[in-house]
Amino acid sequence: MTKPSLPDLLHAAVSAVGGTERPGQVAMAEAVAEAIDDNSHLLVQAGTGTGKSLGYLVPALAQGERVVVATATLALQRQLVERDLPRTVDALHPQLRRRPQFAMLKGRSNYLCLHRLHEGVPQDEEEGLFDPFEAAVPTSKLGQDLMRLRDWSDETETGDRDDLTPGVSDRAWAQVSVSSRECLGASKCAYGAECFAEAARERAKLADVVVTNHALLAIDAIEGAPVLPEHEVLIVDEAHELVSRVTGVATGELTPGQVNRAVRRSAKLVDEKVADQLQTAAEGFERVMELALPGRLEEIPEDLAYALMALRDAARAVITALGSTRDRSVQDEDAVRKQAMASVETVHGVAERITQGSEYDVVWYERHEPRGGAAYRHSGASLRVAPLTVSGLLREKLFTERSVVLASATLKLGGDFNGVGASLGLAPEGTTGDDLPVWKGIDVGSPFDYPRQGILYVAKHLSRPARDGDRGDMLDELTELMQAAGGRTLGLFSSMRAAQQAAEELRTRVPELPILLQGEDTLGELIKNFAADPKTCLFGTLSLWQGVDVPGPSCQLVVMDKIPFPRPDDPLMSARQKAVEEAGGNGFMAVAATHAALLMAQGAGRLVRATGDRGVVAVLDPRLATARYGSYLKASLPDFWYTTDRNQVRKSLAAIDAASKAANA
């Protein structure tokens, strides 16, 4: 029987999801099939609306080998598993004469732990276990969340936190989940046979397509203990996020609170002398951290080095003691011991990594100001260590064993793929040599007519933004633009402080336009409310630059307050910039400008989400029009019609507003 052709398969899949076939999608599918056949690598830029998930799923399913798809966001994971994959598999089944199986796999802490649920949580302050269900007041929010979790545990098939709607607080979830280090292991656990995380792993082993996230992919690459099943093809979607996710996984942190937790968890399980050694080391570390000033530590100060060595040695002694002692008086001793071991091993690992001092690591102090909200529960200082670059790690771990396809709407910066390629450990396109992965980049375009659908407006007349300077002229400009647009504004700010100040000021100036601010509700609720009412505006920072998909009249003005360069005092970014300069390169362009270009391309991509969308991307930073690097940044953005004429842009916004009102009258 002849093998079904790729165009026929793609046509069947697109029809099944109710989509429209696009030339870019066909070009993408052919390039993906070719990379898989050649066992080579592909970077593919596919603009919004291309139908990129089918562009890689169809050729991947057609070739019959096991595929891992890693995404950055939960939203895309869900879309793949709940919508795209079921329909695509159904559509391709008659032609392929087989039904590919698919499964979702996440890190262990995303699944409900039955042991924790039924036996309780090892408690820091007291011996034995603490039953959160007994301790929580049934009328409290925590108590209600825990009762819901208990009921849900009887009906859920997956135990996956994301299948619980509405969700519960992080605090409640922490009472019923474990990290991989805290897990007893299926063979030692009374609930091992029913374990949700183990069941997910088993499903993944049998699946043809495993959908996971960048963080789990990074853990799989870095930690050496395979989490993902063996696979021949790796597809990384939202690939512009990969480097920062891998860096996050490879970053270690030590705080006094975390060290004290390790002391409390292990004290009851080891003899007094060993426990006292760790307690003394923890106190020494806390004293040093009280004096810590934020910033990079190019050399480890003597007092910190001494405190870290004491911490490392004491933690090593506790780990040895934990492995050899038994205390039958402790209730559910295995769970208590495992949690203590996980805490102490983390402390030991980070202390040892910093004292060993690799030239490839960056070490810095960070201070957390005590503020309201769950994100800022811990104040004080933390000590952090991160790799200067993850490019070597990615080259070695990702590109050696399998064919890799990296897809995103933003991979081509300043006109080529080499900037993103370098961050992934790839030599410039076309370079050949031993051990160099062979790759190519392809831009399949977008189905949108950007010059007709959008305007890029740069407010060239504004004063240049100064760090922490007053930007009254920017707020005046923003007010006028929002009024001309009749609301419909997504405000993307370079810092949370700038977003808060703008929201506060504009709520007074234009009370007729409701302004939502990130942090005042969950992101999902904010986006839903923003989409529901055209007059409503939404202001926020980083996650809004890439997490908002609001087609139609509710988002017709996207404003960026300034070019989102990394902060000059960002220890990791400035260390990376310096390393490029020392190697003879242009550190500013390779690090700061690339970072800004990626964010701006993502931010500008919020405007046009469908063929009928019209609007303006306004950059309230004159440097985009006047600075030498401006052309590089503009070349990374969609090909909108470009202007610096304030009157023209106000007229255009007013016309778009009038047309939207007429269409919805």
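Helices α12 and α13 are roughly antiparallel to each other, and the word therefore rests on an angle over 145 degrees. Under that scheme, angles under 35 degrees count as roughly parallel, 65 to 115 as roughly perpendicular and the rest as oblique. This is a predicted model, in which local features need pLDDT of at least 70, side-chain atom pairs count only at pLDDT 80 or more, and totals for chains, interfaces and linings use all residues. Residues are numbered from 1 along each chain as its sequence is written, and side-chain values use heavy atoms, with hydrogens and water left out.

Stay with this helix pair. Two packed helices are described by the angle between their axes and the distance between the axes. The axes of α12 (residues 256-267) and α13 (residues 272-290) cross at roughly 170 degrees and come within 10 Å. Axes are lines fitted to C-alpha atoms, for helices over the stretch in contact, and angles run from 0 to 180 degrees between N-to-C directions. Helices (H or I, at least four residues) and strands (E, at least two) are DSSP runs, numbered from the N terminus. Contact means heavy atoms within 4.5 Å. On the α12 side, the meeting residues include P256, V259 and A262. On the α13 side, they include A275, L278 and F285. The contact divides into 10 nonpolar residues, three polar and one charged. Here Ala, Val, Leu, Ile, Met, Phe, Trp, Tyr, Cys and Pro count as nonpolar, Asp, Glu, Lys and Arg as charged, and the others, Gly among them, as polar.

Now turn to the sheets. Strands of a sheet pair through backbone hydrogen bonds, either parallel or antiparallel. Two strands count as paired if DSSP finds at least two bridges between them. One open sheet has four strands in the order β8-β11-β10-β9, with antiparallel pairing. β8 (252-254) and β9 (295-296) stand at its edges with a single partner strand each, so one side of each is left without a neighbour in the sheet. Three bridges join β8 to β11 (residues 380-387) in the antiparallel sense. G252 has V385 in β11 as its bridge partner.

Another open sheet has seven strands, with parallel pairing. Its order is β16-β17-β15-β18-β19-β14-β20. The edge strands, β16 (515-517) and β20 (641-643), each pair on one side only. From one strand to the next, the twist averages 15 degrees. β14 (residues 454-458) and β19 (residues 615-619) pair over five bridges in the parallel sense. I455 has V616 in β19 as its bridge partner.

Helices pack on this sheet. α24 (residues 587-604) touches β15 (489-492), β18 (557-560) and β19. The direction of α24 makes about 160 degrees with that of β18. α27 (residues 646-663) lies across β14, β18, β19 and β20, at about 145 degrees to β14. α27 also has a helix partner. Its axis and that of α19 (residues 472-485) come within 7 Å and cross at roughly 35 degrees. E477 and L481 are among the α19 residues that meet α27, where R646 and L653 are among the partners. This contact has six nonpolar, no polar and five charged residues.

Next, look for enclosed space. A cavity is a set of points on a 1 Å grid over the protein atoms alone where a 1.4 Å probe fits but cannot get out. Grid points are joined across faces, edges and corners, and a volume is the space filled by probe spheres set on the points. The whole structure holds three cavities of 30 Å³ or more. The largest has a volume of about 250 Å³. It is lined by 23 residues, and C113, H115, V178, C183 and L184 are the closest to its centre; a lining residue has an atom within 4 Å of a point. α5 (114-119), α9 (196-206) and α15 (333-356) each supply at least two lining residues.

Definitions and conventions:
On a 1 Å grid over the protein atoms alone, a cavity is a set of points where a 1.4 Å probe fits but cannot get out, and a pocket is an open set with protein on both sides within 12 Å along at least five of seven lines; lining residues have an atom within 4 Å of a point.
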